[in-house]
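Me: I am new to this structure and would like a careful look at one part of it rather than a tour of everything. Please choose a single place, explain what surrounds it, and give me enough background to find my way.

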Amino acid sequence: MAEAFNDKTLTGDKAARYAEVADEIASVLDGETNLTARMATVASMLASSFDHYFWTGFYVVDPAKDRELVVGPYQGTLGCLRIAFGRGVCGAAAATGQTQLVEDVHAFPGHIACDSRSRSEIVVPVFDASGTLLAVFDVDSDQPAAFDAVDQQGLEAILKATFA
């Protein structure tokens, strides 16, 4: 199924593209229960679907460390290895359980610069079916104000359908 996705031309409309990618992700992951495989597939498929994505991936709640995220499957340059809840954009999403949409990461208090080329960011908390925080999904762009409500709605829908 992934081969068909690689050859598919996606629509230019961003909302429609998120819907198309959501359908493709659901199709590829049908029957797959492994969490790492699911995260790796989501990161890969989303990274290859949007030109404004610079870094795309998961920071997973570390069950061995209290209130700490550890880097999970991702696409892009080297990511930070660990992030405390409440620290930076990813930590804020983990601590609040709310999506963080940041037009200028350099203006965000406590921003962690894993890659100095990052200019804007969206981080979506990822919950399982019982409402437990599993991870945060982080997307950086090297463009300022690259993300908007359409990105937020599209990502939240994909992550909920995939992990909840």
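Reply: What follows is a close look at the surroundings of aspartate 151 in helix H5, with some background before it and some neighbouring elements after it.

The model is predicted, so local features need pLDDT of at least 70 and side-chain atom pairs count only at pLDDT 80 or more, while totals for chains, interfaces and linings use all residues. Residues are numbered from 1 along each chain as its sequence is written, and side-chain values use heavy atoms, with hydrogens and water left out.

The protein contains 5 helices and 6 strands (DSSP runs numbered from the N terminus, with H or I over at least four residues for a helix and E over at least two for a strand). Along the sequence they come in the order α-α-α-β-β-β-α-β-β-β-α. The radius of gyration of the protein is 15 Å, which agrees with the value near 15 Å for a compact globule of 164 residues (it is taken over C-alpha atoms, and the globule rule is 2.2 Å times the number of residues to the power 0.38). Of these 164 residues, 46% count as buried (buried means under 20% relative accessible area, exposed over 50%, and partly exposed in between, with a 1.4 Å probe and protein chains only).

Aspartate 151 itself lies in helix H5, which covers residues 149–163, and it is buried, with a relative accessible area of 0%. Its side chain makes a polar contact of 2.6 Å with the side chain of tyrosine 18, and another, of 3.0 Å, with the side chain of histidine 52 (a polar contact is a pair of N or O atoms within 3.5 Å; within protein, one must be able to donate a hydrogen and the other to accept it, and residues adjacent in sequence count only if both atoms are side-chain atoms). Leaving out residues up to four places away in sequence, aspartate 151 touches Lys14, Tyr18, His52, Ile122 and Ala146, where contact means heavy atoms within 4.5 Å.

One of these neighbours, isoleucine 122, belongs to strand S5 (residues 120–127), and it too is buried, with a relative accessible area of 0%. Apart from neighbours within four places in sequence, isoleucine 122 is in contact with several residues, including Thr99, Leu101, Phe137, Val139 and Phe147, as well as Asp151 and Leu155. Between the C-alpha atoms of isoleucine 122 and alanine 145 the distance is 9.9 Å, although 23 residues separate the two in sequence. Alanine 145 is in the loop that runs from strand S6 (133–141) to H5, and it counts as partly exposed at 43% relative accessibility. Its phi is near 50°, a positive value in a residue other than glycine.

The polar partner tyrosine 18 leads to helix H2, where it is among the buried residues together with Arg17, Val21, Glu24, Ile25 and Leu29. Seen down the helix axis, these buried residues fall within an arc of 130°, so they line one face of H2 (the arc is that of the directions from the helix axis to the C-beta atoms). Asp23 and Ala26, on the other side of H2, are exposed. The helix covers residues 14–29, and its end C-alpha atoms are 22 Å apart, in agreement with the 22 Å that its 16 residues should span at 1.5 Å a residue (the expected span is 1.5 Å times one less than the number of residues). After H2 comes glycine 31, which has a positive phi near 90°.

Strand S5, the home of isoleucine 122, also meets helix H4, whose buried residues pack against S1, S2, S3, S4, S5 and S6. H4 (residues 88–96) has 7 of its 9 residues buried, so it is largely enclosed by the rest of the structure. Those buried residues are Gly88, Val89, Cys90, Gly91, Ala92, Ala93 and Ala94. Glycine 97, with a positive phi near 75°, follows H4.

To return to the starting point, aspartate 151 is buried, and its side chain makes polar contacts with tyrosine 18 and with histidine 52.
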